[in-house]
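Please work through the exercises below with the sequence and the model at hand. Each task is followed by a solution in steps.

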Amino acid sequence: MDLIIEYQAQLLSGTWVTIRLALLSLMISVMCGLLGAWAKLSKNFVAQKTAAGYTTIVRGVPDLVLILLVFYGGQELVNSLGLATGLWDYVEISQFAAGVGTIGIVFGGYMTETFRGAIIAIPKGQIEAGVACGMDRITIFRRVIWPQMVRYALPGFSNNWLVQIKSTALVSVIGLQDVVYNGFVAGKSTRQLFTFMFAVLMIYLVLTAISDLGLRWLDRKYSKGIVRSDNG
Amino acid sequence: MGESIIAFLETWSPIDIVLIAQNFDRFLWGALVTLQLTVISLIVGGLLSIPLAIIRSGNNPFLNAPVWAFTYLFRGTPLLVQTYLIYYGLGQFEWIRQTVVWEPILSQAWWCALIAFSLNTAAYTTELLRGSIITTSKGEVEAAKACGLGKWMRLRRIVLPSAFRRALPAYSNEVIFMLHGSVVASTITIQDLLGVGRWLNGRYYLAYEGFITAAVMYLIIVLLVSRGFRLWEKHWLKHLYPLDAVEAKPKKGLASFRV
């Protein structure tokens, strides 16, 4: 315990990196998810097939493989493109950028399915009613689809988010100094790896517990006026 | 003919296909290690989860609380950290290093990965099965009671068989999740599919080849597994589909509106 207090600065700075990583990649994944759901539900053949390919690949390949591919391969790709076209000099993709981008895009695939299901769950009559009232498409999205979509999507979204937070741990493998990396280094130098890994475990537990509270609050907010059926 | 193809690939292909082909047997071995770890941990974790789920769906607080704590801990934290804790962490304790299981099991990366994966999937499967057990329809249980079935007989004959079936779609997700999670093994020196990809890239100083080959092979395995589960579901869940839905394709929603 004394050791943890001695190394608390490293653990806290690592935790902060993990939180930023998780939140930024969440924003990317929500955007990718909305875009993907829109493409999957559109009548455009190309958009449909692109979205289908995207979700299949991203949900079929483990996230660590994609993180490594983007971090090592992406770097080389960007630089050989720059060399060939002469448009830019040597670019270095940071671990943070590779992690945020890849995790965001990967979970965008899961969000796509969640959002798509949520939009489909909205009764069609309501959208037709919106059209009949003379609403344009943006108004219908904002006033009819979005509030209900959030409610239908929340259980799936919560699940995705909890998995996503935990996936950020994988970025330590490419050397980003997140909470796992810092905890590991501290544990190695003090020969107390169990203590430090357990501390990291507890930090993640706190993060997921806090998210759980936030998600419950959101759930209550968006389910106002909805009577839940009681199966018990 | 063959030589000209190879020459063509060597000069024009953006990735070194010849090198991948030369090392393909290693990738197959890697895939075997990945499958081995996944399947064994799914079996061990699955077997562990059955009694745990029965405890979690009962109402004995003394048994329920520790099982809840176990599933909460393992579901709330990353598999990577759990694996590190077991592989790197246990060596911190002198008394563990003195036991007989240290040398053959707890100091070996493969066993540590297996233990971590099994406990992890046991935690997820426990909660999944619990959800399925507590939603068994009351009528079925009452009918079983009326027929004079005892508590264990009811569980074995009525509750569990139907709970297993209803848990199947969610369990297929867990299987794929575990397959994805098994890449963690490569971070503790195991030569699984990703481990071979990392080895190839490290040895020949490459950026894509190893990872792309691993990615494609993971994709193929995942597609095969989910196809298998879909067939399995069709067989075991036939009685739960609405009657006309068995033949008719599900309607696509939102035909008249594009977001």
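**Exercise 1. Two loop residues**

With 6 C-beta neighbours inside 10 Å, Tyr205(B) counts as exposed; exposed stands for 12 or fewer other C-beta atoms within 10 Å, buried for 20 or more, and partly exposed for the range in between, with C-beta atoms placed from the backbone. The model is predicted: local features need pLDDT of at least 70, side-chain atom pairs count only at pLDDT 80 or more, and totals for chains, interfaces and linings use all residues. Residues are numbered from 1 along each chain as its sequence is written, while chains are lettered from A and ligands numbered from 1 in the order in which they are written.

Task: State where Tyr205(B) lies, and determine whether Arg191(A) is buried or exposed.

Solution.
1. Tyr205(B) lies in the loop between H11 and H12 of chain B; helices (H or I, at least four residues) and strands (E, at least two) are DSSP runs, numbered from the N terminus.
2. The phi of Tyr205(B) is near 55°, a positive value in a residue other than glycine.
3. Arg191(A) also is not a glycine, and has a positive phi of about 55°.
4. The loop that holds Arg191(A) runs between helix H8 (179-190) and helix H9 (193-222) of chain A.
5. Arg191(A) has 10 other C-beta atoms within 10 Å and is therefore exposed.

**Exercise 2. Two helices of chain B**

Task: Compare the spans of H12(B) and H10(B) with those expected, and locate the kink in H10(B).

Solution.
1. The expected span is 1.5 Å times one less than the number of residues.
2. For the 28 residues of H12(B) (209-236) this gives 40 Å, which agrees with the 41 Å between its end C-alpha atoms.
3. For the 31 residues of H10(B) (151-181), a straight helix would span 45 Å, but the end C-alpha atoms are only 37 Å apart.
4. H10(B) has a kink of about 55° at Leu168(B), shortly before the proline Pro169(B); the bend is the angle between axes fitted to the seven residues ending at a residue and the seven starting there.
5. Among the buried residues of H10(B) are Ala167(B) and Tyr171(B).
6. The buried residues of H12(B) include Phe211(B), Ala214(B) and Tyr218(B); their cover includes H3 and H4 of chain A.

**Exercise 3. The contact between the chains**

Task: Which element of chain B gives the most to the side that touches chain A?

Solution.
1. In total, 35 residues of chain B are in contact with 41 residues of chain A, contact being C-beta atoms, placed from the backbone, within 7 Å.
2. H5, H11 and H12 of chain B each supply at least two residues of that side of chain B.
3. H12(B) gives the most, with eight residues.
4. By class, this side of chain B has 24 nonpolar, ten polar and one charged residues; Ala, Val, Leu, Ile, Met, Phe, Trp, Tyr, Cys and Pro count as nonpolar, Asp, Glu, Lys and Arg as charged, and the others, Gly among them, as polar.
5. Val81(B) touches residues of chain A including Ala169(A), Val200(A) and Tyr204(A).

**Exercise 4. Chain B as a whole**

Task: What is the secondary structure of chain B, and how does its radius of gyration stand to the globule rule?

Solution.
1. Chain B has twelve helices and zero strands.
2. Its radius of gyration is 24 Å, well over the 18 Å that the rule gives for 259 residues, so chain B is more spread out than a compact globule; the radius is taken over C-alpha atoms, and the rule is 2.2 Å times the number of residues to the power 0.38.
3. Of the residues of chain B, 33% count as buried.

How values were computed. Contact = placed C-beta atoms within 7 Å. Lists of a residue's contacts leave out its neighbours within four places in sequence.
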